[in-house]
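Here's a quick briefing on charged pairs and nonpolar packing. Have the structure open while you go through it.

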Amino acid sequence: MWPEVKIVHGKPRHSQSQGSVERANRDIEEMLGAWMDENQTTDWPSGMKFIQFKKNRALHSGIGRSPYEAMFGCPARVGLASAGILHDEINHLSTEEDVETLIEEMGRESNDLEDPNPQRERGDEEGIVPQIIQFEYENGTNDTGSATESTYEDRIVCNQCSTVLPLGEEASNDGKCIHCERQENIVNERKRSRECLEKQATKMLKLSNRKFSDVQAGTTVRVPIPDVDRARGSPRNVLAVVNSVEDGLYKLGTPHGVLKHKFTRSEFNPCIEKFILLENLSDSAKKRGFLYLQEDATILTI
C-alpha cells in the first residue's frame, strides 16, 4: 500500500525498539488519570478526545514542533481562535454577547460575498504579482426599456493554481491563494520535521557508538538473562563467544550450541579474558545445533 514504509518487528522485551511506545503509553495514562481526577469522573473513554488533542499539540523534541503542526502546517487553534476569529478582534471581546454579535456579523459578511470560483487555463508566464481580471455584469433593462448598464469588478487569480479568488479575499505576497499557501506550509513543516528526526538519529547513533565499541569475533561476552525468562535458581548471565558479525548484529555461541537469534551490541558486555574459545565452539555447535537463550540457561541450571 505504501512502498516507502518499512516495517520493523521489535522483540517484546527489547527496550531499544519498544521504549518509545511504552513511554507514550505511560504519558497518555498519566494525562488521562489527571483528567479523570480533575473532572471527578471514571468515564475515561469520554476524555480520550481531549487527551488526544492535548498530546498532539504538545512540543515533540524529536521533530522540533508539535505533531499537529507537523501534520497540518500550522499551530493548533484553541478557544475563540478555533472559530475563525482574528486575534485583533479577540482582544476587544469582553462578554458572550460580543462574541455572538461578532459571529453574526461574520455570517452576514460571508453570505454577501459571491464565490463563482471559475477555472481558467494557466499562462506560460508566472509572476509573483497576482493577476487581475475583470468580470462584466449586465444589470438588465428597466420597465421603460432603457439601455442596460455594465459594471466591472476586479478579481484576483492565484499564480499557482489559477483559481479566481472570492470577493474580499486577498492573495499572499507571492500571489498565492490561501489553499496553496497552506499546502506549501504543510510540505515545509513535514520537511523540517524529517530533518529534525534525521539529526536526532545521527546524534543517538554517535552516542551509542561512543558507549558501545565494536567487538571482534572470538571475544567472550556476558549476556544477561531477562527476569521474566529466568527460572528460580538460574544464573543471571550466560557466557558466550562472538561467532560472527553481520551488519552490526552479532551471532553468539555457547558451549551448548549457537544461540538462535542475533544480538545487538547493547545486549551483552564483553569480557577481558577469553573463557570460551571459538575453535572449540565450532565442533560442539555442529553436534548440538541452535538453541534459545532460555534453553541455554535451563541447561546451566540442570
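Let's start with one charged pair: Asp27 and Lys55 join their side chains in a salt bridge, with 3.4 Å from N to O. Asp27 belongs to helix 1 (residues 15-39) and Lys55 to helix 2 (residues 48-56), so this pair ties together parts that sit 28 residues apart in sequence. Keep in mind that this is a predicted model.

**Salt bridges**

- The count comes to 6 salt bridges.
- Side chains of opposite charge can pair when their charged atoms come close.
- Back at the pair between the helices, Asp27 counts as buried, at 19% relative accessibility, while Lys55 is partly exposed, with a relative accessible area of 28%.
- Glu184 pairs with Lys176, and here the closest N and O atoms are 2.7 Å apart.
- In that pair the acid, Glu184, is partly exposed at 31% relative accessibility, whereas Lys176 is buried, with a relative accessible area of 16%.
- Glu189 makes a salt bridge with Arg192, where the closest N and O atoms are 3.3 Å apart.
- Both of these residues are in helix 6 (residues 178-211), and because Glu189 and Arg192 are 3 residues apart, about one helical turn separates them.
- Glu189 is buried at 11% relative accessibility, but Arg192 is partly exposed, with a relative accessible area of 38%.
- There's a network too: salt bridges with shared partners link Arg23, Asp27 and Lys55 into one.

**Nonpolar cores**

- The largest nonpolar core has 14 residues, and Val221, Val223, Leu252 and Phe268 have the most contacts inside it.
- Two or more residues of this core come from each of strand 3 (220-224), strand 4 (237-246), strand 5 (249-254) and helix 8 (293-301).
- Strand 4 gives the most to the core, with 3 residues.
- Which residues does Leu252 touch, leaving out those up to four places away in sequence? They are Val221, Val223, Ala240, Val241, Val242, Asn243, Val258, Leu259, Phe263 and Phe268.
- Another core lies apart from this one; it has 5 residues, among them Cys158, Leu165, Cys177 and Cys180.

Terms used: Residues numbered from 1 in each chain as written. Predicted model: local features only at pLDDT ≥ 70, side-chain atom pairs only at ≥ 80, totals over all residues. Heavy atoms only, no water. Salt bridge = Lys/Arg side-chain N within 4 Å of Asp/Glu carboxyl O. Helix = DSSP H or I, 4+ residues; strand = E, 2+ residues; numbered from the N terminus. Buried < 20%, exposed > 50% of the residue type's maximum accessible area, 1.4 Å probe, protein only. Core = buried A, V, L, I, M, F, W, Y, C linked by side-chain atoms within 4.5 Å. Contact = heavy atoms within 4.5 Å.
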